[in-house]
Amino acid sequence: MPFITVSDEVIKKSITCVENKFISKYLPLLEPDAVKVYLYTLYISQSGLNHYTVSDLATSLNMPEEKVRLYFEYLDELELISITSLSPFEIKILDADNIYGLPKKYKPEKYSDFTKSAQSILKGRMISTNEFMEYFYLLEEYGFEQDALLMIISYCVNLRGDNIRYQYIKKVAKSFADDGITSAKKVDEKLSSYTSTTPLLLKLFSACGIKKQPDVEDDKLYKKWSGELGFGDDAIISAAKSFKIKNCEKLDAVLTELYKNRKFDVKEIDGYAKNKTSLYSLTRDIAKNLGVYISDAAPYVENYVNSWCNYGFSADILRALSAYLFRQSKSTFNDMDLFLQKLYEQGIVTDESVNEYIKNQENDEKLLRRLLDACGLTRRIIDWDKTALKNWRLWNFSEEMMFEAAALSVGKANPTAYMNAVLSSWKNNGITSPDKIPTATTLPSSAKTDDLKAKIENHYARLRHIAESKADSAVKTVNSDPVYSKLHKQINELSIQLAFAELRDSTQAQSLSEQLKTLEQSEKERLSELCLTRDDLSPRYSCPVCNDTGYDKNGNVCRCLKKFISENK
């Protein structure tokens with residue numbers, strides 16, 4: 001998921017634009033770098049660049065990522081954006097015409113006593129005009145008493161030192177306001193309550209390996225964990241150690257996950273963590289067996305592997321099945337998912353039943369290989385062969401009878417279709433054993449018609465299979481190549497940027513077009529290194545008129561089908 005999402009009002013706008021409310025209401029008061037972050041965020045969101053992360057944005061603006069995050073917090077407090085997730089970092093752009101925001105400038109003389117007191121607390125540095133404006137905003141918009149806000153500033157300085165950033169002070173103050181704590185009396189009660197739990201938090205942090213001084217936000221989280229969620233200290237410590245967590249935000253996310261999964265006891269938490277770790281390891285093993293490269297196992301665990309385990313498939317059998325499917329040219333997680341759903345619907349879930357199924361499938365392939373050899377064919381086994389074998393068994397033919405039919409099909413234009421017609425004829429005439437087979441088997445006219453239809457279907461199915469298999473193989477080759485994949489991704493992204501640039505900036509469009517040509521040439525060269533061309537990535541049918549279907553786009557019989565019929569009458 002991209003780290004930026006957009007409100008419906010903004011999505012409807014087709015170009016990068018800035019609302020007039022932002023210019024008139026915010027621009028005069030915002031810090032210059034905050035404006036840069038906001039404007040570039042608008043550009044990313046409205047240009048469809050969903051691959052961007054907060055790290056990419058920081059690189060584009062030549063800013064440290066931590067500084068960009070602070071500016072996003074700053075914009076969040078002004079309600080221009082909303083931070084919806086910290087890990088991964090995600091934001092939502094809001095309408096600038098909101099109820100709150102930054103409504104006006106404040107007169108410093110109104111708060112002269114407050115400014116003197118605040119500066120006496122922050123002795124290590126001078127408080128800037130912008131910082132004072134932020135404090136005035138807290139006083140007026142959140143309803144803080146001056147003494148209450150001074151107590152919060154003093155608490156923050158005692159906790160973090162004189163060089164503390166005012167963004168942290170704002171964050172703490174806003175947290176107090178969210179709980180309705182804006183008077184000096186209530187702030188004092190809150191801080192006293194926090195102070196009483198500080199030794200407990202210090203002990204907890206030490207056991208968890210969290211290297212920081214606990215603050216009011218940590219106290220709030222701890223009360224959530226122990227009160228609302230119902231975790232004991234030993235369970236909290238177990239969660240931190242089991243998941244190797246070193247900060248409160250991630251610990252909160254893990255404890256919330258454990259709460260949803262009803263894991264409260266130390267043993268339950270330890271087992272859950274080990275199982276989750278093993279799921280990630282299993283997912284990587286499956287990907288390796290399938291020949292699939294994955295950079296992050298999490299989405300594959302969530303969307304596939306966790307469900308397979310819930311079906312009842314064991315880790316060992318999932319590894320075995322992934323290797324088996326790779327040999328069957330079914331080498332994606334989606335292929336495996338469809339295959340496992342089929343097994344599950346048939347009640348084939350236990351290791352014994354799955355192993356028996358695989359064994360039977362491999363035996364069928366060996367039988368089909370021998371039957372094809374008996375027919376004089378050297379091609380690979382296709383799905384039609386497997387369907388035909390299933391039908392022959394439903395017709396109650398033994399392997400011996402199948403080989404008798406295969407012997408009769410040698411030298412025919414389409415041996416397997418002829419073999420199918422022979423067995424069909426025998427079935428209709430009650431011929432079930434070799435001793436009942438006539439000396440000369442002649443197919444009735446209806447069987448000959450069926451034989452021709454089967455020949456046609458099998459002929460075109462084989463042609464399509466050959467063309468499509470080659471294309472699939474080529475696509476899998478390039479998708480597994482990191483160099484080509486990177487180039488292909490860059491081309492797609494640049495194409496989107498070019499489409500927008502052509503609408504508003506011809507100079508930029510020309511530059512992007514040149515870059516695109518360079519990337520496309522690099523892509524072509526990489527394909528050549530892989531012994532492929534772009535045409536290889538799409539099926540190359542033997543007949544371009546009907547694409548190996550026998551019928552053109554208007555539904556008329558193709559000339560290649562007419563030729564095939566005349567050659568096989």
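Which residue in β3 is the bridge partner of S82? In this predicted model, that partner is K92, and the pairing belongs to a wider arrangement in which strand β2, residues 81–86, runs antiparallel to β3 over 5 bridges. The two strands are joined by a hairpin through 2 residues. Of the 5 residues of β3, which spans residues 89–93, 4 are buried, so the strand is largely enclosed by the rest of the structure.

Turning from strands to charged side chains, the count of salt bridges comes to 18. One of them links K220 with D179, whose closest N and O atoms are 3.5 Å apart. Because K220 sits in helix α11 (residues 216–228) while D179 sits in the loop between α9 (166–178) and α10 (184–208), this pair ties together parts that are 41 residues apart in sequence. K220 is partly exposed, at a relative accessible area of 32%, and D179 is also partly exposed, at 40%.

Helix α11 also contributes K224, which lies in that helix and ties it to D252 of helix α13 (residues 248–260), a separation of 28 residues in sequence; the closest N and O atoms of this salt bridge are 3.0 Å apart. Here D252 is buried, with a relative accessible area of 15%, whereas K224 is partly exposed at 23%.

A further salt bridge joins D364 to R393, with closest N and O atoms 2.8 Å apart. Since D364 belongs to helix α18 (residues 351–375) and R393 to helix α19 (residues 383–394), the pair ties together parts that are 29 residues apart in sequence. D364 counts as buried at 18% relative accessibility, while R393 is partly exposed at 37%. Elsewhere, D33, K36 and K67 are joined into one network by salt bridges that share partners.

How values were computed: Residues are numbered from 1 along each chain as its sequence is written. This is a predicted model: local features need pLDDT of at least 70, side-chain atom pairs count only at pLDDT 80 or more; totals for chains, interfaces and linings use all residues. Side-chain values use heavy atoms; hydrogens and water are left out. Buried means under 20% relative accessible area, exposed over 50%, partly exposed in between (1.4 Å probe, protein chains only). Helices (H or I, at least four residues) and strands (E, at least two) are DSSP runs, numbered from the N terminus. Two strands pair if DSSP finds at least two bridges between them. A salt bridge is a side-chain nitrogen of Lys or Arg within 4 Å of a carboxyl oxygen of Asp or Glu.
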